[in-house]
Amino acid sequence: MAFDLNTTARRLRSNGSDTRGKRGIAFIVEALVLLFFLVLAVTVFVRLLGGAVVRSQQATDLENAVQIAQDAAETFAADPQYFQPEDQGIYTVDADVERTATSAGALYRATIKVSKSGEEGSIYELSTARYVEGPRGRGLQSAEAGQQAGQAAATPDQQPAGGEANG
């Protein structure tokens, strides 16, 4: 067998170029697979971040609604007869007040609902109650109650106009 240098060189060149072509295709396939997983990971992270933003906004709305409802409940507790809920910026405050009269006063119950303006349903609801005893609880105005109490206190001290003083 004769050793032909040209034939051997041609084989080496053809085998080498074959290997380089296969290596190039493998690199492109590997790069495409990595790109696919990178796009998949970015998609997952974007969805998670979007969900986190929505939950953060819901938590902020709930925190604000709880504070507004507590403020309204404190205002109700101070004077349940004249309680009028006030809207707070983008939040709407609604209250259902129920009065139950008794012989010694009245029990006021309120359900305070806070919702976002323009949206259905409430974000937070709070129920509270306050018992008011005396004339105010029976439905008399505070000025009328004060006048009646003043008249009742003045009556025993006054003497009859034509009567004799005890001596």
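## Helix α1, a three-stranded sheet and three salt bridges

D61 sits in helix α1, and that residue makes a good way into this predicted model. Its side chain reaches K116 in a polar contact of 3.0 Å. Beyond that pair, there's an open sheet of three strands, a nonpolar surface patch and a total of three salt bridges to look at.

**The D61–K116 link**

- The contact between D61 and K116 also counts as a salt bridge, with N and O 3.0 Å apart.
- D61 belongs to helix α1 and K116 to strand β2, so this pair ties together parts of the chain that lie 55 residues apart in sequence.
- D61 is buried, because its relative accessibility is 10% and the cut-off for buried is under 20%.
- K116 is buried too, at 16% relative accessibility.

**The sheet**

- The strand order is β1-β2-β3, and the pairing is antiparallel.
- β1 (91-101) and β3 (124-133) are the edge strands, each with a single partner, so one side of each has no neighbour in the sheet.
- On average, neighbouring strands in this sheet are turned by 20° against each other, if you ignore direction.
- Strands in a sheet pair through backbone hydrogen bonds, in either a parallel or an antiparallel way.
- Here, β1 and β2 (residues 105-116) run antiparallel and share 11 bridges.
- Among the facing residues, D96 has T111 in β2 as its bridge partner, while A101 stands opposite A106 in β2.

**The β1–β2 hairpin and its loop**

- β1 and β2 make a hairpin, with three residues between them.
- A104 is in the loop that joins β1 and β2.
- With a relative accessible area of 41%, A104 comes out as partly exposed.
- A104 and E133 are 29 residues apart in sequence, yet their C-alpha atoms are 5.7 Å apart in space.

**Salt bridges between β1 and β2**

- Side chains of opposite charge can pair when their charged atoms come close.
- D96 and K113 do this with an N to O distance of 3.8 Å; D96 is in strand β1 and K113 in strand β2, 17 residues apart.
- D96 is partly exposed at 42% relative accessible area, and K113 is partly exposed at 28%.
- E98 and R109 form another salt bridge, where the closest N and O atoms are 3.8 Å apart; E98 lies in strand β1 and R109 in strand β2, 11 residues apart.
- E98 is partly exposed at 46% relative accessibility, and R109 is partly exposed at 41%.

**The nonpolar patch**

- I25, V29, V33, F36, F37, L40, V44, F45 and L48 make up a nonpolar patch on the surface, with about 910 Å² of accessible area together.
- One of these residues, V44, is in helix α1, which covers residues 5-78.
- V44 is partly exposed, with a relative accessible area of 43%, so V44 clears the patch cut-off of over 30%.

Conventions: Residues are numbered from 1 along each chain as its sequence is written. This is a predicted model: local features need pLDDT of at least 70, side-chain atom pairs count only at pLDDT 80 or more; totals for chains, interfaces and linings use all residues. Side-chain values use heavy atoms; hydrogens and water are left out. Patches are made of residues with over 30% relative accessible area and no salt bridge: like charges are joined within 9 Å, nonpolar side chains (Val, Leu, Ile, Met, Phe, Trp, Tyr) within 5 Å. Accessible areas come from the Shrake-Rupley method with a 1.4 Å probe; for residues, only the protein chains shown count as cover. A salt bridge is a side-chain nitrogen of Lys or Arg within 4 Å of a carboxyl oxygen of Asp or Glu. Helices (H or I, at least four residues) and strands (E, at least two) are DSSP runs, numbered from the N terminus. Buried means under 20% relative accessible area, exposed over 50%, partly exposed in between (1.4 Å probe, protein chains only). Two strands pair if DSSP finds at least two bridges between them. Axes are lines fitted to C-alpha atoms, for helices over the stretch in contact, and angles run from 0 to 180 degrees between N-to-C directions. A polar contact is a pair of N or O atoms within 3.5 Å; within protein, one must be able to donate a hydrogen and the other to accept it, and residues adjacent in sequence count only if both atoms are side-chain atoms.
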